[in-house]
Amino acid sequence: MLGLTVQVPTKVSDKAKPAPATAPTPAAEVAVGAAVAEAAPSRRAPKMEARGVNVFYGDNHALKDVDLDITVKEVTALIGPSGCGKTTFIRCLNRMNDIIEGCVVSGSVTLDGDEIYDPGVDVVQLRARIGMVFQKPNPFPKSIYDNVAYGPQIHGLAAVRDELDQIVTTSLERAGLYDEVYDRLDQPGTSLSGGQQQRLCIARAIAVDPEIILMDEPCSALDPIATARIEELMDELRENYTIVIVTHSMQQAARVSQRTAFFHLGELVEYGSTERVFTRPRDERTQGYITGRFG
Amino acid sequence: MSETPGRQTVAVTDRLNAGLKRRYAAERRFRLYGLISVALALAFLGILFASIIEKGYSAFTQHLVRLEIHFDPQLIDPEGTRDARTLARADYAALAKRAIGQLFPEVKKRRDKRALRSLVSSGAAYDLRAMVLDDPALIGATRTVWVPVDDDVDMYMKGYISPDLPEAERRLSDAQIGWVDRLVDWGFVEKRFNARFFTAGDSREPELAGIWGAVVGSFFALLVTLLLAFPIGVMAAVYLEEFAPKNRLTDLIEVNINNLAAVPSIIFGILGLAVLLNFFELPRSAPLVGGMVLALMTLPTIIIAGRVALKAVPPSIREAALSVGASPVQTVLHHVFPIAMPGILTGTIIGMARALGETAPLLMIGMVAFIVDIARGPLDPATVLPVQIFIWSDAPERGFVEKAAAATMVLLVFLIAMNGLAIYLRQKFEKRW
């Protein structure tokens, strides 16, 4: 199952390497391919920086030379038609691509300035800092309590049972699920509805107190009401966490995100503030996609 | 041919209708074939069960004869020492012989006397000895004792020996049949539940033979098989499925495991004979060796079933565990393995059931020997249930036919119980989401 074939770059691609994480804001807006620079909408520093990221699945060049900054405590949306590489990119950020057979990642991804593809990096620790929520709700076939408590338990975050209870309660509260399940924490997580399951997965992700939450199409399996609930939640979570979300729905991207990146055929076509990308796209392809002419 | 816009033309509809009929007919035919196959399979199964039960049910009863035994001190303990060894060695057969002789005082000729005595099983002597050793105070007393009849008499009583046959063609003479009939008239012969069949080991005498020795042998052999095959098989499955890199070597291993599952079982027996017995010089006929051979045979089954069960665990569970920062081993131990466990257990039990029914490899390592004593450990010589059936089917005595069928019934009960357990476990622990 584990064919770890990650190539660690010895050198970051020599494209304009931005200043370290503490750099003043203008550097945070990165010129990409067709040079899409603009005045930064954000005054914040990048939390993660991707430089020259290439991903191959065997012979398939799935991601081509992607440079992208994830800004702290903002929601970054990755949009684009199916097969454009958004999911591939988001999985590069917590090295989930490591578990895919025949997947080769090159380039540089840093978290707070530290390269995450360095050989010395502990993937377990990395994933404790970068949580993930998947397309299909995937609670463990265990109780609601155990689903949330699992992460803190394996990382030893709670010394005593009371602490663990506290973490579980807080996480469920933050995920907006506590009021619905407080009286049945011992029931299987799989018995919840789809939207509740997804919020349980979010609670599970934030229980280990990560810095970043990656969401891979978290609402694609949910109905509009559950979707609205999760979008609301993302807005609240933005206070404390940096969020990256992959979505097929442009409306969703427009609603929840501050920054939007448009991918097409493995390339990052355009990246900027959500407002700007949706109102004044610079690339024809972006224009075509957001107006529904293709995709 | 009128053509209304938006409607099928008549030609298309006709052709479609004509085709429909054919398609429905084909479907009905296909279902019928299926039904016939199922009915045939059930019929054969029914015939198999009916014939086994019809042949075997009589083995669960046994005829006993009532004798007035005088525990003669002169015969048992002439010196009156009550020494256990003397008591054990005494001629108890003589007590039984005397008792049956007294019932028919008119029998005087030596040959006739011998014929009369042969109506009582030689097992009577063991029963009487057990009684005396149990309670030496019996010596000198007279007791009414029910002892087993000879297997030929038992067969006659169960209707397997017809008195209409010419005397030379049956195992009981006219005179013997006459005595038996008189005993029956007096109410001295009774049919009872054959407890000995479940508690005794093998014997040359059908009326004394039991399956307990084989059951114990099977138990020890399967215990060894389980202890070896389960951990090794499960670890191999987990490693190959979850951790091993995908390359030429693991491909080769996988192909070979699949091939091993198809190797005829006697090959494993030959392997056991050559390696375990001749090279490592392990004891012959021992359940330990039998279990090791059966473990080799069961391993591929467990590995394949285990891998299938692990593969069936949705990858989303692995991703979920990894994404909260579980290490690969934690992911497998905490999440994947528990979900796959019912499938692994089912595969193991089915593999064990196969091992329980296996005969050929055990013949090669000497478990086919005639063993009367009941094994007390996996190193004692023993036989197993299917081999016991094989031995009895081979025996010339009529009495063993029903024993073999009855032992088959017992084996089937064990097999059905094990498969039932497998189904129960799967139903109970299968998680759905």
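How many residues of chain B are in contact with chain A? In this predicted model, 21 residues of chain B meet 25 residues of chain A. On the chain B side, helix H10 (212-243), helix H14 (315-323) and helix H15 (328-356) each contribute at least two of the residues that touch chain A. H14(B) supplies the largest share, six residues. Sorted by class, this side of chain B comprises 10 nonpolar, six polar and five charged residues.

With the contact between the chains in view, each chain can be taken in turn. Chain B contains 18 helices and three strands. Its radius of gyration is 32 Å, whereas the globule rule gives 22 Å for 433 residues, so chain B is more spread out than a compact globule. The C-alpha trace of chain B spans about 110 × 65 × 40 Å along its principal axes. Of the 433 residues in chain B, 37% are buried. Among the contacts in chain B with a separation of 6 or more, 76% join residues 24 or more positions apart.

Chain A has 10 helices and 10 strands. Buried residues account for 48% of its 295 residues. For contacts in chain A with a separation of 6 or more, the portion between residues 24 or more positions apart is 70%.

The nonpolar cores come next. The largest of them has 83 residues, and those with the most contacts inside it are Leu78(A), Ala203(A), Ile213(A), Leu214(A), Ile243(A) and Val244(A). Helix H6 (residues 194-207) of chain A provides the largest share of this core, seven residues. A look at Leu214(A) shows what surrounds one of these positions: beyond its neighbours within four places in sequence, Leu214(A) is in contact with Ile90(A), Leu93(A), Asn94(A), Ile130(A), Gly131(A), Met132(A) and Val244(A). Another core, of 65 residues, lies apart from the largest one, and includes Leu310(B), Ile339(B), Met364(B) and Ala404(B).

Helix H4 (residues 92-103) of chain B offers a handy check on geometry. Its 12 residues, at 1.5 Å a residue, should span 16 Å, and the end C-alpha atoms are 18 Å apart, which agrees. Which residues of H4(B) are buried? They are Tyr92(B), Leu95(B), Ala96(B), Lys97(B), Ala99(B) and Ile100(B), so a lysine is counted among the buried positions of this helix. The elements covering these buried residues include strand S1 (61-70) and strand S2 (142-148) of chain B, together with helix H2 (73-76), helix H5 (110-117) and helix H6 (123-134) of chain B.Two residues deserve a second glance for their backbone angles. Most residues other than glycine have a negative phi. Asp65(A), however, has a phi near 50°, a positive value. This residue is found in strand S2 (residues 60-71) of chain A, and with 18 C-beta neighbours inside 10 Å, Asp65(A) counts as partly exposed. In chain B, the phi of Ser285(B) is also positive, near 60°. Ser285(B) sits in the loop between helix H12 (265-279) and helix H13 (287-311) of chain B. Is Ser285(B) buried or exposed? Ser285(B) is buried, because 20 other C-beta atoms lie within 10 Å.

Conventions: Residues numbered from 1 in each chain as written. Chains lettered and ligands numbered in written order. Predicted model: local features only at pLDDT ≥ 70, side-chain atom pairs only at ≥ 80, totals over all residues. Helix = DSSP H or I, 4+ residues; strand = E, 2+ residues; numbered from the N terminus. Rg over C-alpha atoms; globule rule 2.2 N^0.38 Å. Buried ≥ 20, exposed ≤ 12 C-beta atoms within 10 Å, placed from the backbone. Contact = placed C-beta atoms within 7 Å. Nonpolar A, V, L, I, M, F, W, Y, C, P; charged D, E, K, R; others polar. Core = buried A, V, L, I, M, F, W, Y, C linked by C-beta atoms within 7 Å. Expected span 1.5 Å × (residues − 1).
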